[in-house]
Each structure stands twice: as structure tokens, then as C-alpha cells.
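The following exercises are to be worked with the sequence and the coordinates at hand. Each task is followed by a stepwise solution.

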Protein chains: 2
Amino acid sequence: MGDSGTAIDGAVRDWGTLRERYCARMQRGAALAKDKVVAPDDVVALLEAVIEPGDRLCIEGNNQKHADFLAECLAEVSPERVHDLHIIQSNIALAPHLDVFERGIAERLDFCYSGPQGLRLSRLVKEGRLKVGAIHTYLELYGRYFCDLTPNVSFIAADAADHEGNLYTGPNTEDTPAIVEATAFKSGILIAQVNRIVDRVPRVDVPGDWVSFVVEAPRPYYIEPIFTRDPAAITEVQILMAMMVIRGIYEKYGVARLNHGIGFDTAAIELILPTYAADLGLRGKICKYMSVNPCPTLIPAIESGFVEGIHCAGSELGMENYVSERSDVFFTGRDGSMRSNRIFCQIAGHYSDLFIGSTLQIDLEGNSSTATLSRITGFGGAPNFGSESRARRHGSESWLMAGREAHRGNGMPRGRKLVVQIVESFREGLSSTFVERLDAWKLQESFGLPLPPVMVYGDDLTHIVTEEGIANLLLCDGPEEREQAIRGVAGYTEVGMARDPEMVRRLRAKGAVSYPEDLGVDKRLATRDLLAARSIKDLVRWSGGLYDPPARFRNW
Amino acid sequence: MGDSGTAIDGAVRDWGTLRERYCARMQRGAALAKDKVVAPDDVVALLEAVIEPGDRLCIEGNNQKHADFLAECLAEVSPERVHDLHIIQSNIALAPHLDVFERGIAERLDFCYSGPQGLRLSRLVKEGRLKVGAIHTYLELYGRYFCDLTPNVSFIAADAADHEGNLYTGPNTEDTPAIVEATAFKSGILIAQVNRIVDRVPRVDVPGDWVSFVVEAPRPYYIEPIFTRDPAAITEVQILMAMMVIRGIYEKYGVARLNHGIGFDTAAIELILPTYAADLGLRGKICKYMSVNPCPTLIPAIESGFVEGIHCAGSELGMENYVSERSDVFFTGRDGSMRSNRIFCQIAGHYSDLFIGSTLQIDLEGNSSTATLSRITGFGGAPNFGSESRARRHGSESWLMAGREAHRGNGMPRGRKLVVQIVESFREGLSSTFVERLDAWKLQESFGLPLPPVMVYGDDLTHIVTEEGIANLLLCDGPEEREQAIRGVAGYTEVGMARDPEMVRRLRAKGAVSYPEDLGVDKRLATRDLLAARSIKDLVRWSGGLYDPPARFRNW
């Protein structure tokens with residue numbers, strides 16, 4: 001003890017190895033930089049100079065913006081100099097993200113989500129060229145950045161930088177602060193690709209002294225408009241489900257604070273707020289605060305004074321000017337543009353009153369998953385939004401009412417988050433949404449995962465909405481009733497046909513199963529006339545011309 | 001629709017009112033400032049100029065650093081000019097926090113935690129001078145800052161500022177980033193009290209263009225060393241419990257990533273890692289990564305290579321130099337000092353494998369609470385650390401093993417966070433920790449709370465450790481077994497005496513109740529000789545003189 005404190009097994013330990021390695025890396029890198037600025041042509045050499053074998057490396061790339069130029073440069077480094085990397089990043093979306101495994105530069109991967117690269121990822125796993133540590137949700141992976149998966153090197157993307165490295169991310173701040181903080185404060189190297197280098201950034205989103213190197217990329221960072229849904233594609237079935245959600249859930253519980261998943265089902269809800277919900281006198285009572293990206297289909301609800309406040313995880317292409325001109329609603333900076341931040345949006349959404357989203361499969365316990373057979377995918381933020389907020393302690397009308405339904409006098413009274421899955425009983429291709437056994441079980445087996453990849457667990461789920469009706473799982477006693485309530489809204493699927501009609505009648509009598517007529521929903525109104533906007537062009541009009549949709553959404 | 005988009009009820013809506021109010025506030029305030037800097041004597045006038053009646057206002061003040069000078073100034077403003085404020089801040093700790101209610105400046109309060117001011121807070125509520133919205137946990141309140149409780153004005157505390165308003169928080173960053181981001185990006189006024197104004201800050205923790213005004217306070221901000229426990233006060237009972245935790249939980253599950261609550265019980269665990277746990281060959285296997293403040297009792301475990309990485313919510317007085325010199329372990333900035341951040345620490349801790357903390361009362365369902373009768377208190381971060389992380393998807397040895405115990409083949413397999421309460425059966429004053437009914441029920445009644453204030457719910461709890469043994473609630477089938485497992489470790493309390501000995505024997509046979517001999521714990525070793533440090537002076541020695549304890553902890 002005491003004097004032997006810094007000596008283990010007789011050797012005096014050096015407690016600043018990371019800092020020393022940082023200095024050595026910076027010294028090697030500085031030879032290629034002018035102040036902090038590196039020329040695009042020197043980036044491959046920079047990476048070979050600062051990255052060390054075995055490093056944990058994060059490439060920013062969530063479901064919107066990507067540090068794509070730096071990702072490409074990494075795929076070009078010499079595998080003799082840079083190898084055995086452990087990639088720890090949220091999204092596997094671009095070819096270079098997997099090229100580094102093909103080329104022997106990286107070998108381990110911890111991530112959240114893979115989209116179009118899912119098939120190739122599966123192949124690399126099977127070939128033994130890529131070892132998956134685990135599939136995470138966003139907050140969970142960022143949490144590990146501050147625990148056992150701290151990056152040694154990170155690549156981030158920003159709109160602009162000044163010569164001191166101060167970064168401007170504009171509306172697309174997204175995941176940058178989380179990655180930056182974990183890297184910069186554990187002696188990591190932080191390299192930013194920016195669209196332009198300027199004398200003075202419009203606002204500082206990341207302080208320059210946290211940033212190691214900056215490169216003006218040959219082209220702007222890659223970004224995708226993934227939250228845009230064309231109202232023209234919304235069906236009458238989706239409108240009917242949206243009406244049921246508004247009457248049977250939003251109105252019933254008085255849901256004021258919520259998160260909407262991506263998809264046409266929730267877009268339909270957004271587009272009938274100014275019509276159907278307004279006629280029901282629900283303005284100022286429901287949907288006041290949202291934790292979502294700035295979905296264009298929210299424009300009519302914002303313009304009609306329905307949605308009062310929105311905090312965003314990221315931005316959406318084309319919505320920049322509209323958001324800037326609605327600073328009472330959105331979070332914006334002194335420069336006028338939005339400040340997004342996935343961490344805070346995820347936290348706010350987790351503690352809000354309701355999450356509603358779509359899924360591909362639901363089993364008889366209510367477990368749901370979007371995992372399909374041939375791909376390794378993931379769930380991003382849905383499990384966090386769509387799970388009970390057990391550390392919540394403040395009351396709200398909605399949370400307390402749902403809690404009363406759930407507990408009905410048993411044990412300690414508590415509140416309950418509403419977690420809703422909205423699905424049609426049959427998906428495209430006529431496969432059933434409702435299944436006896438999720439594909440997730442087979443996926444577990446074929447990819448050697450520790451557990452089946454479930455998006456929302458049945459015991460977190462409170463409601464299932466289909467074209468047939470609403471199952472309220474809170475009012476079910478025991479697994480048998482839950483199963484029958486699910487069957488009771490599963491339509492003409494096999495699962496639905498196998499219902500026990502007598503038990504479903506009893507569940508309906510106690511409100512655990514509700515059909516449109518039970519909710520006061522007039523099915524005849526479920527037409528596209530109910531949509532406040534029926535096309536992208538309508539959304540542009542609602543926005544007073546501020547919404548500027550990407551070319552692929554313009555057909556006029 | 002369309003052209004009427006910005007017109008509701010015929011009136012054209014102004015969508016930039018917050019921004020306009022911001023400009024007007026800044027204009028009024030600027031008259032009192034030179035650039036951003038305001039003289040201490042002008043602060044009361046500044047507050048009267050920039051705060052508007054009905055504002056939501058946040059005073060930074062968590063359980064460590066406080067914007068105390070600004071809090072005092074607020075209590076001095078004229079209630080005729082500033083009134084009806086809605087205070088939204090984590091901690092009610094200082095007299096001025098409640099003076100504003102006494103003086104009619106503020107009327108509503110949403111908060112997380114009240115310490116010594118709890119009695120006075122209760123009185124003000126009863127007198128109708130203070131309306132409590134709700135009691136929150138930390139992440140939950142910060143989440144609401146980005147939803148329905150965004151501050152119009154916030155006061156924060158920092159170590160230094162430059163003339164452009166760039167802030168240096170040094171090791172005590174704590175909650176500042178969350179408050180700053182919510183305020184600065186929703187047209188709020190951000191006022192920073194700093195210990196000194198300098199030409200160049202050692203590092204930028206908050207960018208200057210987010211900050212409205214800066215004042216060099218007449219004295220450094222108030223800060224408390226609340227994580228320091230003197231090893232001299234650790235008892236042999238606590239050492240015995242610590243031994244059981246190490247063998248019965250940390251070793252059994254292989255707990256590598258965890259969070260320790262504050263208290264002598266967890267300090268005892270920390271102090272026998274380098275002795276007892278090392279002898280068991282557990283170095284490199286347990287307690288590798290922690291989400292905690294830099295508790296001085298962790299020094300021996302760090303020095304002996306046990307704890308490899310720590311991310312901190314805040315700092316601890318006296319630990320600054322030690323942390324700086326251990327940058328391989330702690331998160332530090334280029335200036336050498338720590339970077340703390342409560343948000344990221346809470347996220348990392350929530351997704352780690354185990355939380356262990358103490359409580360004052362546990363009922364027969366395992367619900368626990370530190371709420372006592374006469375005070376309105378709160379739980380800060382414990383409910384978040386101490387609740388199942390339902391949005392977690394990555395596996396670990398510990399999480400998967402606990403999940404197997406919990407589910408035992410029923411339904412969808414999943415992992416499980418270990419949530420442990422460590423308590424002696426009798427508290428000081430000889431009142432029983434184990435009760436049939438928590439005081440929380442009476443508190444709910446007397447303060448009109450929507451629910452009893454429970455810290456950790458029974459269904460989130462996995463283990464209870466007492467001087468008698470460990471109850472493993474995961475292995476209990478049904479409420480009756482849970483109750484008997486709890487009684488089975490409740491010692492000579494009334495709850496313990498009323499156990500069903502036959503059932504406890506059965507529970508013991510299946511591992512749901514374990515006594516020291518079942519765990520291979522030799523009670524004779526439970527002496528203070530097992531502590532790696534037996535005094536604050538020992539901790540200083542272990543640190544090689546780097547730990548500099550506050551005067552009140554020095555008795556040599």
C-alpha cells in the first residue's frame with residue numbers, strides 16, 4: 001500500500017500513455033497540415049500517419065449525414081500500415097464502410113444499424129472477415145463511447161470550419177457532439193471533413209480546440225432525405241388507422257408530448273391533425289410537443305397551430321428555410337438555422353408520453369421486429385423511444401391514465417408510457433404482419449447473436465393499431481388475453497382467423513379490443529379528402545413556399 | 001389550405017416571437033454590459049432588464065457546483081418587475097433558491113432534488129406560496145428542457161470566461177452543456193457567473209457565441225465535496241457486505257461495467273478490490289469501467305490496476321490533480337483537467353451491467369425509497385442508473401447471465417441489468433430498513449403527489465444485500481417467493497423475524513437466498529485489515545500525494 005501505489009508487480013506504471021500517443025500522432029500528422037488544415041490529396045497519408053493498428057475508430061454516419069469522404073480515404077490506406085481496426089459507428093450505409101473489412105484494414109465492428117449494406121455485411125461475417133461485437137441502439141452505443149468503447153480516432157462531418165478548427169454543422173448537428181466529446185476528451189484524434197473553410201463560421205457548433213484536423217472535402221458530405229413521405233402515396237386504410245389513433249389513443253389519454261416513427265402510417269396521422277383532429281376540438285390538447293426530425297408532413301399541423309414545439313435529432317433536406325422561419329417551434333441558433341442533436345432528442349423522446357411507429361412483424365406476445373431473414377440490420381432509436389421510461393417520475397394526464405390501466409390496484413401504483421405499433425395486417429407482398437414466431441429467432445441462429453433481435457418487446461408495448469381496430473394490451477389480464485387481443489385485430493391473417501370469438505367479444509366489452517364503431521370513428525370519412533395536404537406540392541403551399549423539396553420529390 | 005397556411009382565425013401568425021423577445025432582452029441588457037461582461041454590482045439590474053414575468057428560469061445547481069452568486073442576485077430583484085417565474089432546475093439546495101418564492105418573484109417549481117432546503121420547501125408548499133409541478137430525475141428534467149420545459153433564461157457557473165464569452169468549466173462541467181444547449185438554441189438568455197475573466201481560456205467548454213452575458217462573481221462558485229467518504233468510518237459489517245457483493249455478484253456474473261452510488265457501503269467495496277478481490281484473482285475481470293464521480297476511495301483500486309476507465313458526471317474537490325495525472329483512466333481535456341458531463345455519464349451508466357446503491361427503506365415487493373416523512377426530496381440520478389435498460393441490445397457476460405436467471409425459458413429471451421440495493425437491516429437510530437409499507441405512501445398523501453415517490457421499483461431490483469446475506473430476486477417465482485427472499489435477508493427486523501423458515505430454506509437451496517457460507521465468504525476476514533486504505537491519509541499516500549483532501553477531511 002501507499003508508496004507501492006503506482007507500482008504493480010514491481011514496474012512503475014505510466015498513466016499518460018494515451019496522451020503520449022496523442023502527442024506522437026499529432027506530431028506525425030502536423031507534418032501534413034497547415035495549422036489544422038489538411039489538403040484533400042494528403043488525407044490518405046494523414047490517416048496512415050495518425051491511425052495506429054488496433055485503434056478503435058468511429059466514422060460519423062447516422063441515417064442522414066455521413067463523413068463519406070473520410071470513409072473513402074480510410075478504405076484507401078495501406079493495410080500494411082493500418083490494420084486490425086475496431087470500427088465503432090452507428091451506421092453501416094456506404095460501400096467504403098465495408099471496403100475496409102474486405103481490404104483487411106478493419107476486423108471488428110460494433111454498430112447500430114445497417115441499411116443497403118446489410119446483405120454484404122452478412123456475407124463478410126460468414127466469410128470470417130468481419131467480427132460483429134454487438135448491434136446497439138443509438139444511446140447505448142454512445143453510452144459505450146464513455147465506457148469501454150471510446151474511440152481513438154473519429155471522423156466527423158460539418159458544413160464549415162474556420163482556420164482554428166471551429167466547426168459549423170448548421171441544421172445537421174445530429175450525432176457530432178457525442179462523437180466529438182468522447183474522442184476529444186480521451187486523447188483521441190478528431191478529423192473533420194467540411195464543405196467549406198471560411199474565415200468566420202456562422203456559429204460555433206464544436207469548439208476548435210477539440211478538433212485535431214480539418215479537410216475541405218472535394219464535394220459536400222453525403223446526406224439523405226429519409227424523413228420525407230409524399231402525401232400522394234397515403235392510402236385510405238392508413239387514414240382510417242390514423243383516425244383510430246387520434247380518437248382511441250391521442251384523445252383518450254390526452255397525449256401532448258410524443259415521438260412519431262418514420263413512415264406513411266404516422267404521416268397520415270400528421271396530415272389529419274389540421275382536419276379531423278381540429279374538428280374534434282383537439283387543437284391545444286394533443287400533439288403539442290414532438291421529438292422528431294422535421295418531417296415535411298408536419299408542416300400543415302405546425303401551420304395550423306397544432307404542434308407548438310419540436311426538437312429534432314437531425315434535419316431533413318429541403319426543410320432548412322422553413323425551420324429557420326419557425327423559430328418559435330424549432331430549436332435554432334443565432335445564425336437562424338436549426339440546431340439538432342440526436343442525444344437530447346432521444347432523451348426528450350424517451351421521457352415523453354407516447355411513441356408510435358411501424359414494424360414488419362408482431363408475434364403473439366406483442367414482440368415486434370423489423371429484422372428480416374437475409375440481413376443484419378438494427379433498430380437505431382426505436383427501442384429507446386419505444387420502451388417504458390422506468391426512470392420517469394413526473395406525472396402527466398396521459399402517463400398516469402395509462403399507469404392506472406396497467407396496474408389496476410395491484411402493487412405500487414405508477415405511470416406508464418404509451419408504446420404503439422401501427423401496422424396493416426398484411427404487408428406488401430401479402431405476407432402477414434402477425435406471426436406465431438418472429439423471423440428474429442432464425443436470425444439469431446444464423447448470425448450467432450446472443451438474443452433474437454427484437455425491436456420493441458411485448459411487455460413494453462401498450463397498443464397495436466391495425467385496419468381492423470386497436471388492441472389495448474394494458475387492459476389484458478395474462479398472456480392468454482394478450483394473445484386474443486392481438487388476434488382480435490389481426491384481420492384475415494392466419495393469426496387473426498384463429499381467434500377465439502367469444503373471448504374477443506369479452507375483451508371488446510372491457511375495451512381491450514376496440515373497433516372503429518367502438519371509438520366513434522366513421523369509416524366513411526376515411527378518404528384522402530381528409531388529408532390536409534395530398535401532395536408534396538400541397539406541402540410547399542402550406543409552407544408559404546419555404547419548404548424546398550429535393551428534386552426526386554418534385555413532379556411538377 | 002395553402003395560402004391560409006400562416007393564417008389562423010384570420011390573423012397572420014408571427015413565428016419568431018421568441019427571437020424578437022430575445023433581441024429586445026439583449027438590447028435592454030446590453031446597456032449594462034461591456035461586450036458581454038457585466039459588473040457584479042450591475043447584475044440585479046441586468047436581471048430586471050432581461051427577465052420577463054412568467055419566464056421559465058433555470059439556475060444551475062446540481063449536487064456539486066452552483067451558480068450561487070446569480071441565485072442571490074435573483075432573490076434581490078424587484079418582485080414588481082420580475083414575478084410569476086417558473087423555476088426549472090435540478091437542485092434546490094441554497095437559501096436563495098427558495099427566497100425567490102418567499103419574495104413573490106417565482107411561483108412554480110419543477111425540480112429533481114432538494115437537500116437541506118427540503119423542510120422549508122415543504123412549508124412553502126403548504127403555505128401555497130410555491131406550486132410544485134413535479135419531481136424529476138436528472139435525465140428526465142433535461143429531456144423536458146428540449147420538450148415542454150425549455151428555459152427562457154438560465155444561470156450557469158464556470159471557472160473562467162474570455163471577453164467573447166467562451167467558457168472554461170475545468171473539471172466541473174457537470175450539467176452545464178445540457179442547460180446551455182436548451183437555452184441558447186431556443187432564443188433564451190444565458191448568463192454565466194465565472195470565477196475569473198481571462199484573455200484566453202485554457203480550453204473552450206462552452207462556445208462564446210452561445211453565451212449572452214458573463215459576470216466575474218465576487219467569490220468562486222459554491223461547490224461541495226459530496227463523494228468523499230473517510231475510510232476511517234467504514235465498519236466491519238460494511239466490509240462483510242462488500243465481500244458478499246464481490247463473491248456473490250461481481251465474481252458470479254463477471255461484472256465489468258458498473259455504477260456505484262454514494263455511501264460507505266460502496267466505498268467499502270472499492271477499498272477491498274485491491275485486497276480481497278485481487279486475492280480472488282479478479283483483477284482484469286470485474287470493475288473495469290465505471291460511471292461515477294472521482295470518489296477518493298477509488299484511488300487504491302485505480303492504482304492497483306483494477307479500474308481501467310472512469311467517466312464522471314462531475315468532479316470531486318481535492319481530486320483535480322490526481323485525475324489530471326491519470327488521463328489513461330479519466331476523460332481529460334488538452335489543458336490536462338477533467339471533462340465531466342452528467343448527461344453522458346448517466347447514459348453510460350444506464351447501459352452498463354450493474355448499479356449498486358443504498359437506500360433507507362425497502363418494502364416486501366422490493367420497492368425502495370430514500371424519501372422520509374417530513375421532507376420533499378428526490379432521487380437525482382439513481383432511478384436512471386437503477387432501472388432496467390430496456391432499450392439495451394448488446395450482450396455481455398453479466399447481462400446475459402442475469403437475463404437467463406430472470407427468464408428461465410419463458411417467452412422471449414433477453415438480458416437483464418443487475419440492480420442491487422446494499423443495506424443494513426437496521427439503520428442508525430435502530431429503525432428497520434425493511435418495512436411493510438414505505439413512508440413514500442404517506443408522503444404522496446401529504447404533498448398531493450400523483451404517485452408515491454419510489455426510488456427503485458421492485459421489478460427493476462435484482463438483488464438485496466444485507467449483513468445477513470443476499471436475496472436474488474431473479475430466481476424467485478412469484479410475489480410470495482420474492483417476499484420470503486426479502487424476509488430471508490432482513491435480519492432481526494420485524495420483517496425478517498416473520499419469515500417462513502421452511503420457504504426460506506427452499507429459496508436458499510435454489511440460490512434465491514444466500515448466506516456468507518453459501519458464497520464462500522469467510523466472515524472472520526471481515527475486519528478493517530482488509531481495507532486497502534483505512535484513512536484519508538492512506539488515500540493521499542496511495543495517490544502519491546496527488547489527492548488533496550478538503551480541510552474538513554484532514555485530521556493530521
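**Exercise 1. Determine the strand order of the open sheet in chain B, its edges and the helix packed on it.**

Step 1. The open sheet of chain B has eight strands, in the order β15-β14-β13-β16-β19-β20-β21-β22, with mixed pairing. Strands count as paired if DSSP finds at least two bridges between them; helices (H or I, at least four residues) and strands (E, at least two) are DSSP runs, numbered from the N terminus.

Step 2. The edges of the sheet are β15 (309-311) and β22 (513-514) of chain B, each of which pairs on one side only.

Step 3. At one edge, β21 (residues 470-472) of chain B joins β22(B) in the antiparallel sense over two bridges. B:A471 has B:V513 in β22(B) as its bridge partner.

Step 4. Helix α9 (residues 264-279) of chain B packs on the sheet and touches β13 (257-260), β16 (354-357) and β19 (418-422) of chain B, where contact means heavy atoms within 4.5 Å. The direction of α9 makes about 135° with that of β13(B); axes are lines fitted to C-alpha atoms, for helices over the stretch in contact, and angles run from 0 to 180 degrees between N-to-C directions.

Conventions for this and the other exercises: the model is predicted, local features need pLDDT of at least 70, side-chain atom pairs count only at pLDDT 80 or more, and totals for chains, interfaces and linings use all residues. Residues are numbered from 1 along each chain as its sequence is written, chains are lettered from A and ligands numbered from 1 in the order in which they are written, and side-chain values use heavy atoms, with hydrogens and water left out.

**Exercise 2. Establish how many disulfides the structure holds, and examine A:C112 and A:C147.**

Step 1. With a disulfide taken as a pair of cysteine sulfur atoms within 2.5 Å, the search of the whole structure finds zero over all chains.

Step 2. For A:C112, the nearest cysteine sulfur belongs to A:C58 and is 9.8 Å away. A:C112 is buried, at 0% relative accessibility; buried means under 20% relative accessible area, exposed over 50%, and partly exposed in between (1.4 Å probe, protein chains only).

Step 3. For A:C147, the closest cysteine sulfur is in B:C345, at 9.8 Å, which is too far for a bond. A:C147 is likewise buried, at 10% relative accessibility.

**Exercise 3. Locate three salt bridges and state which parts of the chains they join.**

Step 1. A salt bridge is a side-chain nitrogen of Lys or Arg within 4 Å of a carboxyl oxygen of Asp or Glu; the structure holds 94 of them over all chains.

Step 2. In the pair A:E48 and A:R81, the closest N and O atoms are 3.9 Å apart. Because A:E48 lies in helix α2 (residues 43-50) of chain A and A:R81 in the loop between α3 and β6 (85-92) of chain A, the pair ties together parts 33 residues apart in sequence. A:E48 is buried at 18% relative accessibility, whereas A:R81 is partly exposed at 49%.

Step 3. B:R414 and A:D459 meet at 3.0 Å, N to O. This pair crosses between chains, from the loop between α14 (397-407) and β19 of chain B to the loop between α15 (440-447) and β20 (463-465) of chain A. B:R414 is buried, with a relative accessible area of 10%, while A:D459 is partly exposed, with 36%.

Step 4. B:R499 and B:E468 meet at 2.9 Å, N to O. B:R499 is in the loop between α17 (494-497) and α18 (501-509) of chain B, and B:E468 is in the loop between β20 (463-465) and β21 of chain B, so parts 31 residues apart in sequence are tied together.

**Exercise 4. Derive the relation between chain A and chain B.**

Step 1. A turn of 180° and a shift of 0.0 Å along the axis lay chain A on chain B with an RMSD of 0.0 Å; copies are superposed by least squares on the C-alpha atoms of residues with pLDDT of at least 70 in both.

Step 2. The two copies are therefore related as by a two-fold rotation axis.

Step 3. In chain A, the C-alpha nearest the axis is that of A:P207, at 3.0 Å from it.

Step 4. The same surface serves both copies, since 100% of the contact residues of chain A recur in chain B.
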